Amino acid sequence: MRHEQLSELGQQLRVDSVRAAAAAGSGHPTSSMSAADLLAVLMGNHLRYDFEQPDHPGNDHLIFSKGHASPLLYSVYKAAGALRDEEFLTFRKRGSRLEGHPTPRLPWVDVATGSLGQGLPYGVGTAMSGKRLDHVPYRVWVLCGDSEMAEGSMWEAFEHAGYERLDNLTAIIDVNRLGQRGPTRHEWDLDAYARRIRAFDWHTIEIDGHDIEAIDRAYAEALSTVGRPTAIIARTMKGRGVASVENREGMHGKPLKNADEAIAELGGVRNMAVPVLGPPSVTPSRPASEGPLALPRYNTGDSVPSRDAFGEAVAAVGTARGDVVALDGEVGDSTRLEYFHKEHPERYFEFFIAEQQLVAAAVGMQTRGWNPYVATFAAFFSRAYDFIRMASISDADLNLVGSHAGVAIGEDGPSQMGLEDLAAMRAVHGSTVLYPCDANQTAQLTAAMAGQSGIRYLRTTRGGTPVIYPPTESFPIGGSKVVRSSDDDRVTLVGAGVTLHEAVEAADRLAEEGIPARVIDLYSLKPVDAETLRAAAEATGRLVTVEDHHPEGGLGDAVLEAFGDGRPVPRMIRLAVRMMPASATPAEQLSDAGIDADAIVTAARQLVGKG
């Protein structure tokens, strides 16, 4: 398109951003107006996208990291002919696909944004898919705000993109000087941003973000830059084009007071239709599956860490499924994800100690149809929790594996112990949470995760635990296993992972005292096997839950929720880690926390009146 047309398109995008916010009575029109020229030039001359085929493998990817500028994004879709004006004006209305911040309810949106600092990390994963996995020439364009440049996750993304030499990635930084409550840290000091970004091996271009010709040249330069990602750092004005709000504080997140006057000042409503360039015809690379799934098999009675079983199983899954990829946070030797690397190095990605980028890259990769397994210590997922929360809003499919969980890790101490992970992962919308107790169960659940949807979390154990199930046993997600049972049971012991074995030992000791005890292996904490728990409660009337986790939100709460429909709740004692652990051996840790066999026996005696 000619520059005069692009200038008019920029004004149209501003007008429509004002209209959308006015119709909604809320929104961020001024943040949209600052970047309107940047998006006009991009969609008019450089973006390659087929809006009728959003899954076309050659499509570019446009990510709004500054998701609050959604009126601008929807204005782009309208100009491209993807949205009718009637739907466009349903912005932020109940039932509308045009939410306050973009989500994949719209087929042209890859990932949900709005929690600042996330779009660029997602873009890194998407760009890596194009270069390292799909081997197709699409480009990833990420519109960033200057306020979010204070987020550490942005700098994890800058560093990793530079390290990977992602020359198919362009960050467009809208430096409009004003954040939510006032000026940003660097205001209009473009060089302050450029110096920092260049330090991470990026090519940088500083421009006037309202100079159409300069914007066009910058995009062309980004497209021709080889071996480095490009950051276009654009000086813009918030509320550009309307005197009452242009470059004025206090206007963030508010519709314009007099929208009709603002629209007139911008030259009135326009209805330009933009012929967006189409994508090239490409065929993504996908490794062929090498054969049927052949999971590792372990002998009953052996002692095997579940993390070892996970590593061997995920490598086998990678052999059977060519869409599986593995992402490590520099702990693959501990999580055993390195077993996958030995078998499938071309589908293994190292993200070092940068957990936010680690999870974000997986979200980006799964938008391209890859099935990522992400492994780190259970405790370290907490650093990336907002990315996990937002991944559920993106309807993302992720396999997360947290090792070194609970006090059972022993001497390393509390900084390394995941004691909140089950609660955190159970709280994620639509998640699946699994905690196996032995190697064969771990292998089966590792494979089952790949076929699930949503966020799947598997908790593994550092030390060896006895193999109690044969390799032929099945473990449906949402199920449980009754390990001990009789018609005379007087109490039910519920455990998972390491505490299941403590419960089995406790049941054997209780039997010697004439107290028959049922034992349930609650390996699926979400969804939970409420039917089996209710049957046990009806049969025994007493439950002891025991978990290597803090009492809030873990196994005990999962059990209680099975009785949340109004039926009587059985008498119950909940054993959990209620103290702050210190360094000690695994056995000492379980004893000190009150979650070992001794503690379970004492609790059961108390419930049956023999304490």
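Visitor: Let's start with Arg336: is this residue buried or exposed?
Guide: Keep in mind that this is a predicted model. Arg336 is found in the loop between helix 12 (332–335) and helix 13 (338–343), and its phi is positive, about 75°, although it is not a glycine. The cut-off for buried is under 20% relative accessible area. With a relative accessible area of 17%, Arg336 is therefore buried.

Visitor: Which loop holds Arg165, whose phi is positive?
Guide: Arg165 is a residue other than glycine, and its phi is near 55°. As for the place, Arg165 sits in the loop between helix 7 and strand 3 (169–175).

Visitor: Helix 7 also has a histidine, His160. Is His160 buried or exposed?
Guide: His160 is part of helix 7 (residues 152–164). Leaving out residues up to four places away in sequence, it touches Val124, Met128, Glu350, Phe351, Phe352 and Gln357. Its relative accessibility is 5%, so His160 counts as buried.

Visitor: What is the omega of the peptide bond from Lys526 to Pro527?
Guide: Pro527 has its place in the loop between strand 17 (524–526) and helix 19 (530–540). The bond leading to it from Lys526 is cis, with omega near -5°.

Visitor: On to the interior. Which helix gives the most to the largest nonpolar core?
Guide: That core has 137 residues, and those with the most contacts inside it are Leu120, Leu169, Ile197, Leu327 and Leu493. With 8 residues, the top contributor is helix 22 (residues 597–608).

Visitor: Which tryptophan does Leu120 touch?
Guide: Leu120 is among the residues with the most contacts inside the largest core. Not counting residues up to four places away in sequence, its partners include Val142, Met154, Phe158 and Leu169. The tryptophan on that list is Trp202.

Visitor: How many residues are in the other core, the one with Leu47?
Guide: This core lies apart from the largest one. Among its members are Leu47, Leu72, Ile212 and Ile232. Its count is 48 residues.

Visitor: Back to helix 22: how far apart are its end C-alpha atoms?
Guide: The helix has 12 residues, and at 1.5 Å a residue it should span 16 Å. The distance in the model agrees with that, so the value you want is 17 Å.

Visitor: And what covers the buried residues of helix 22?
Guide: The buried ones are Ala597, Ala599, Ile600, Val601, Ala603, Ala604, Leu607 and Val608. Their cover includes strand 15 (491–495), helix 18 (498–512), strand 18 (542–546) and strand 19 (571–575).

Visitor: What separates the C-alpha atoms of Lys610 and Glu513?
Guide: Helix 22 is followed by Gly609, with a positive phi near 85°, and Lys610 lies in the segment after that helix. At 44% relative accessibility, Lys610 counts as partly exposed. It touches Arg490, Glu513, Gly514, Ile515 and Arg605, not counting residues up to four places away in sequence. Lys610 and Glu513 are 97 residues apart along the chain, and their C-alpha atoms are separated by 9.8 Å.

Visitor: How many residues of helix 11 are buried?
Guide: Helix 11 (residues 306–320) should span 21 Å at 1.5 Å a residue, and its end C-alpha atoms are 21 Å apart, which agrees. The helix is mostly covered, and of its 15 residues the buried ones number 13.

Visitor: What about empty space: how much lies in the largest cavity?
Guide: There are 3 cavities of 30 Å³ or more. Residues lining the largest one include Leu47, Tyr49, Phe51, His56, Trp108 and Asp110. By class, the lining divides into 7 nonpolar, 3 polar and 2 charged residues. The space inside is about 100 Å³.

Visitor: Which element gives the most to the lining of the second largest cavity?
Guide: This cavity has a volume of about 60 Å³, and its lining has 9 nonpolar, 1 polar and 1 charged residues. Two elements each supply at least two lining residues, strand 1 (61–64) and helix 4 (70–79). With 3 residues, the one that gives the most is strand 1.

Visitor: Last one: how far apart are the C-alpha atoms of Gln53 and Glu561?
Guide: Gln53 has its place in the loop between helix 3 (36–46) and strand 1. Its relative accessible area is 42%, so Gln53 is partly exposed. Gln53 and Glu561 are 508 residues apart along the chain, and the separation of their C-alpha atoms is 43 Å.

Key. Residues are numbered from 1 along each chain as its sequence is written. This is a predicted model: local features need pLDDT of at least 70, side-chain atom pairs count only at pLDDT 80 or more; totals for chains, interfaces and linings use all residues. Side-chain values use heavy atoms; hydrogens and water are left out. On a 1 Å grid over the protein atoms alone, a cavity is a set of points where a 1.4 Å probe fits but cannot get out, and a pocket is an open set with protein on both sides within 12 Å along at least five of seven lines; lining residues have an atom within 4 Å of a point. Grid points are joined across faces, edges and corners, and a volume is the space filled by probe spheres set on the points. Ala, Val, Leu, Ile, Met, Phe, Trp, Tyr, Cys and Pro count as nonpolar, Asp, Glu, Lys and Arg as charged, and the others, Gly among them, as polar. Helices (H or I, at least four residues) and strands (E, at least two) are DSSP runs, numbered from the N terminus. A nonpolar core is a set of buried Ala, Val, Leu, Ile, Met, Phe, Trp, Tyr and Cys residues joined through side-chain atoms within 4.5 Å. Buried means under 20% relative accessible area, exposed over 50%, partly exposed in between (1.4 Å probe, protein chains only). Contact means heavy atoms within 4.5 Å. The expected span of a helix is 1.5 Å times one less than its number of residues.
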